[in-house]
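Me: Could you walk me through reading a few features of a model, starting from the rules behind each one?

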Amino acid sequence: STCQACKPASTALANIPQHLAHPPLLQLSLTVGVVEWIIRHLILIPENIQMEHQVTQAEISRAKILHSVLLFDFIVVHVFVFVLALSLLKTSLIPIILMPILSIVLLGNVILKANRALSRETSLFVLCHNLLAAKRAKLFFLLFIVTGTLTTLLVMGGPQLGMSKITSWALAVGIGQLPFMVALLVLVVMEFDAEHQCKDGKIPAAALVLHAAATKA
């Protein structure tokens, strides 16, 4: 007979909708959920509403720096370095260990520079773009930590729970890494768009909202 402590868990599992009961659909549902979360938190108001601003070339250059750092982290570190680390995984763990360290250093650099700009930057244009880059860096850092931890737990702890190695890796990729990769793609597109707006001397509306919130704090 089922113990009393197990009944709530059994009831909860029984109440899972049938269309989410299959692993591929569960993975898809989680991926969609992550994308929706990113859109809600990164696009504060529609980004096609922009503010034209008279800026100098020096301001554009300063405003582009943090966007460029983020794009370097997203594309070079999390795509090219990650693929290289996977190819060398059987021979050395150093690349796969250095990759998150490098990413955290770059994200931390973006956040620290944006915080410093709050008290030192005199250009509204530069400050708005810095705050937008910092917001995305913080959210990406959170996403990176959560999905990375989940992936590690599934790979390392799966066998301890009686899962086969193939099952552990499949769950790690489907539940941990697939939502992360979709979110990364969304962030890359958004950062390219922000950098393009920066070159055109435009301030995204989301950046103006962040600036207004920062000045009120």
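What follows is a short dialogue on cysteines, aromatic rings and a pocket.

Me: Before we start, what kind of model is this?

Reply: It's a predicted model, where local features need pLDDT of at least 70, side-chain atom pairs count only at pLDDT 80 or more, and totals for chains, interfaces and linings use all residues. Residues are numbered from 1 along each chain as its sequence is written, and side-chain values use heavy atoms, with hydrogens and water left out.

Me: How many disulfides does the structure hold?

Reply: A disulfide is a pair of cysteine sulfur atoms within 2.5 Å. Here the count is 0.

Me: Are cysteine 128 and cysteine 198 buried or exposed?

Reply: Buried means under 20% relative accessible area, exposed over 50%, and partly exposed in between, using a 1.4 Å probe and protein chains only. Cysteine 128 is buried at 0%, and cysteine 198 is buried at 0% too.

Me: How many aromatic pairs turn up in the whole structure?

Reply: Rings of Phe, Tyr and Trp (its six-membered ring) pair if their centres lie within 6.5 Å; planes under 30 degrees apart are stacked, over 60 edge-to-face, and the rest tilted. The search finds 4 pairs. One of them is phenylalanine 140 with phenylalanine 144, stacked at 6.3 Å centre to centre with 0 degrees between the planes.

Me: Where do phenylalanine 140 and phenylalanine 144 sit?

Reply: Helices (H or I, at least four residues) and strands (E, at least two) are DSSP runs, numbered from the N terminus. Both rings belong to helix H5 (residues 124-157), 4 residues apart, so about one helical turn separates them. Phenylalanine 144 is buried at 12%, and phenylalanine 140 is buried at 1%.

Me: What about phenylalanine 140 and phenylalanine 180?

Reply: Their ring centres are 5.6 Å apart and the planes meet at 40 degrees, so that pair is tilted. Phenylalanine 180 is in helix H6 (residues 165-199) and phenylalanine 140 in H5, so the pair ties together parts 40 residues apart in sequence. Phenylalanine 180 is buried as well, at 5%. Ring pairs link Phe74, Phe140, Phe144 and Phe180 into a cluster.

Me: Which residues of the largest pocket's lining lie nearest its centre?

Reply: On a 1 Å grid over the protein atoms alone, a pocket is an open set of points where a 1.4 Å probe fits, with protein on both sides within 12 Å along at least five of seven lines; lining residues have an atom within 4 Å of a point. Phe82, Ile96, Thr151, Thr152 and Gln177 lie nearest the centre, out of 27 lining residues. H5 gives the most to that lining, 9 residues.
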